[in-house]
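Let's walk through this structure together, one layer at a time. Please keep the sequence and the 3D view open as you read.

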Amino acid sequence: VSSLQFTKWMPSDPMQAILFDYNIAESGVYDFEVQLITGPEFGKVQILIDGAATGEVVDCNSDDVGTSGLIEIGSVRMMARNSHTIGFRSVDEKAVGIDCYVIKKTVKDD
């Protein structure tokens with residue numbers, strides 16, 4: 001896993017999410033990728049960008065512990081501000097393992 005560390009979070013109720021804040025310095029379209037931890041104790045995860053479900057639900061349940069590899073979540077138009085969030089919602093109340101997320105500006109405004 002990235003830097004030999006990851007975040008493991010266990011929800012206490014169905015459909016809870018863990019949120020991380022991030023800043024966008026320049027408005028535009030951004031691509032989002034995530035790498036999640038997989039294994040027997042991990043479940044289905046929905047990614048939330050500023051509270052909106054983005055991309056497909058990712059099933060992280062597997063017989064062996066590992067990583068999902070980088071998964072493309074989608075592209076989102078973002079406004080420059082210091083108060084954006086990326087969230088990871090447990091769909092089935094199982095553990096969520098977050099290795100990393102990548103946010104890259106992909107399209108410049110004309």
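The paragraphs below go from the sheet to the core, then to the aromatic rings, two individual residues and the cysteines.

Before we start, please bear in mind that this is a predicted model. A good place to begin is the sheet. Four strands make up an open sheet, and their order is 2-8-4-5, with antiparallel pairing. Strand 2 and strand 5 (52–59) are the edge strands, each pairing on one side only. On average, neighbouring strands of this sheet are turned by 20° against each other, direction ignored.

Now look at the individual pairings. Strand 8 meets strand 2 in the antiparallel sense over seven bridges. Strand 8 also pairs with strand 4, again in the antiparallel sense, over five bridges. To find your way in the second of these pairings, pick out Leu48, whose bridge partner in strand 8 is Gly87. For the other pairing, Ile24 is a handy marker, as this residue stands opposite Arg81 in strand 8. When you look along a strand, it helps to recall that side chains in a regular strand alternate between the two faces of the sheet.

Let's turn to the nonpolar core. Which residues touch the most other members of the largest nonpolar core? They are Phe32, Leu36, Ile47, Ile86 and Phe88, out of 22 residues in that core. At least two core residues come from each of strand 2 (17–24), strand 3 (28–38), strand 4 (44–49), strand 7 (71–78), strand 8 (81–90) and strand 9 (96–107). Strand 3 gives the largest share, with five residues.

Ile86 is a good residue to select if you want to see this core from the inside. Leaving aside neighbours within four places in sequence, Ile86 is in contact with Ile18, Leu19, Phe20, Tyr22, Phe32, Val34, Ile47, Leu48, Ile49 and Tyr101. Two of the names in that list, Phe20 and Tyr101, lead us to the next topic.

How many aromatic pairs are there? The count comes to four. In one of them, the ring centres of Phe20 and Tyr101 are 6.1 Å apart and the planes stand at 40°, so this pair is tilted. Phe20 sits in strand 2 and Tyr101 in strand 9, 81 residues apart, and the pair therefore links distant parts of the chain. Both rings are partly exposed, Phe20 at 23% relative accessibility and Tyr101 with a relative accessible area of 29%.

Tyr101 also forms a tilted pair with Phe88, at 6.4 Å centre to centre and with 45° between the planes. Because Phe88 lies in strand 8 and Tyr101 in strand 9, this pair ties together parts that are 13 residues apart in sequence. Is Phe88 buried or exposed? Phe88 is buried, with a relative accessible area of 0%. Phe20, Phe88 and Tyr101 form one aromatic cluster.

Two more residues deserve a visit. Ile24, in strand 2, is buried, with a relative accessible area of 5%. Its contacts beyond four places in sequence are Tyr30, Met78, Met79, Ala80, Arg81, His84 and Ile103. Arg81 is thus a contact of Ile24 as well as the residue standing opposite Ile24 in strand 8. If you follow the chain between Ile24 and Asp13, 11 residues apart, you will find their C-alpha atoms separated by 31 Å.

The second residue is Ser90, found in strand 8. With 0% relative accessibility, Ser90 counts as buried. Beyond four places in sequence, Ser90 is in contact with Trp9, Pro11, Met15, Gln16, Lys44 and Val96.

Finally, let's check the cysteines. A disulfide is a covalent bond between the sulfur atoms of two cysteines. How many disulfides does a search of the whole structure find? The search finds zero. Why is Cys60 too far for a bond? The closest cysteine sulfur, in Cys100, is 12 Å from the sulfur of Cys60, whereas a disulfide needs the two sulfur atoms within 2.5 Å. Cys100 is likewise in no disulfide, with Cys60 holding the nearest cysteine sulfur. As for its surroundings, Cys60 counts as buried at 3% relative accessibility.

Methods. Residues numbered from 1 in each chain as written. Predicted model: local features only at pLDDT ≥ 70, side-chain atom pairs only at ≥ 80, totals over all residues. Heavy atoms only, no water. Buried < 20%, exposed > 50% of the residue type's maximum accessible area, 1.4 Å probe, protein only. Core = buried A, V, L, I, M, F, W, Y, C linked by side-chain atoms within 4.5 Å. Contact = heavy atoms within 4.5 Å. Pairing = 2+ DSSP bridges. Axes fitted to C-alpha atoms, helices over the stretch in contact; angles between N-to-C directions. Phe/Tyr/Trp six-rings, centres within 6.5 Å; stacked < 30°, edge-to-face > 60°.
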